[in-house]
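Visitor: Please take me through the charged side-chain pairs in this model. I would like one close look, with the surroundings of each pair.

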Amino acid sequence: GALSCATMFDYRYLLRTLAMSARELGWLHRRRPWKDALSQAAEAQPAEIVQRQQQTLAFLRGTHVFEHHARVKTNEIDWLRHMSNSKFLSAADLGRFSTLIQTGIWEAAYEHKTVPVMANAAIRYRRELRLGQAYTVTTRCVGYDEVSLKLVHSFVAPFAVRGARDSKVVEDDLAAVMLCRLQLSRKGKLEDVFRYLGIDNGLPLRRTSTPDPYVPSNVLRQFTDIERAMLLASDVDDHG
């Protein structure tokens, strides 16, 4: 009974999420949140708010990458003794949530009664992560439109692997790469989010793509085409 309960409900993941939320959300409960500070003149804004605005702008332009550090735990490995495929998605979820909190996007969306939710995702597993191995989940924004964000999560860890054609040991740090699209629920708009954060004058309302080391522009276009095809197929099924 206890084993099946632990399998169905990963309480460690819940505790990690709550701990991270408490740490990341601490700045939200200060006396001067975003909307109070942004209501004043630019020269009177606290340095922390200005720095956060610049960081958020850099993230949305694709020039700033957020990092989430973790280590493979006992409850994350499968019968093959490496990190389970599903745990990669959970780790990306934690990195994504941390990014949304640090940029202020989560608060701004919540203030407009909407939240960013997963709309589509594709992941490429490249190398296994073993028990106890440290890794980093990086989160990069590679594009956005009026209602959604496109993000790339890269799972980075130090590897020493032998080349296929010779016996030389080469460094290779990519374990997996994930491309996903977040969409604002309840017909939310990113324009309102940008305005709340005070960065609406520094960004266009749409940015199609940004080069990523692991996801080139043609892959982004194919990802969009596949998602559009799946949407059309689901509409046909619904009306068939």
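**Charged pairs, one by one**

Guide: Start with Arg96 and Asp93, whose side chains meet in a salt bridge at 3.3 Å, N to O. The model is a predicted one. Both residues sit in helix 5 (residues 85–103). They are three residues apart there, so about one helical turn separates them. Their surroundings are not alike. Arg96 is buried, at a relative accessible area of 8%. Asp93 is partly exposed, at 32%. The cut-off explains the labels: buried means under 20%, and partly exposed lies between that and 50%.

Why look for such pairs at all? Because side chains of opposite charge can pair when their charged atoms come close. Across the whole structure, the search finds six salt bridges. The Arg96–Asp93 pair is one salt bridge; two others follow.

Next, Arg181 and Glu227. The closest N and O atoms of this salt bridge are 2.6 Å apart. Arg181 belongs to strand 7 (residues 174–184), while Glu227 belongs to helix 8 (residues 217–239). The pair therefore ties together parts that are 46 residues apart in sequence. Arg181 is buried, with 11% relative accessibility. Glu227 is buried too, with 8%.

Now helix 7 (residues 190–197), which holds both Arg195 and Asp192. These two are three residues apart, about one turn of the helix. Their side chains form a salt bridge, 3.0 Å from N to O. Arg195 is partly exposed, at 43% relative accessibility. Asp192 is also partly exposed, at 24%. The pair does not stand alone: salt bridges with shared partners link Glu191, Asp192 and Arg195 in one network.

One stretch remains, the loop between strand 7 and helix 7. Arg186 is placed in this loop, and Lys187 is as well. Look at the backbone here. Arg186 is not a glycine, yet its phi is positive, about 55°. Lys187 is not a glycine either, and its phi is positive at about 60°. Both side chains belong to exposed residues. Arg186 has a relative accessible area of 71%. Lys187 reaches 80%.

Put the pieces side by side. Strand 7 carries Arg181, the partner of a residue in helix 8. The loop that follows strand 7 and leads to helix 7 holds Arg186 and Lys187. Helix 7 then carries Asp192 and Arg195, members of the network with Glu191.

Definitions and conventions. Residues numbered from 1 in each chain as written. Predicted model: local features only at pLDDT ≥ 70, side-chain atom pairs only at ≥ 80, totals over all residues. Heavy atoms only, no water. Salt bridge = Lys/Arg side-chain N within 4 Å of Asp/Glu carboxyl O. Helix = DSSP H or I, 4+ residues; strand = E, 2+ residues; numbered from the N terminus. Buried < 20%, exposed > 50% of the residue type's maximum accessible area, 1.4 Å probe, protein only.
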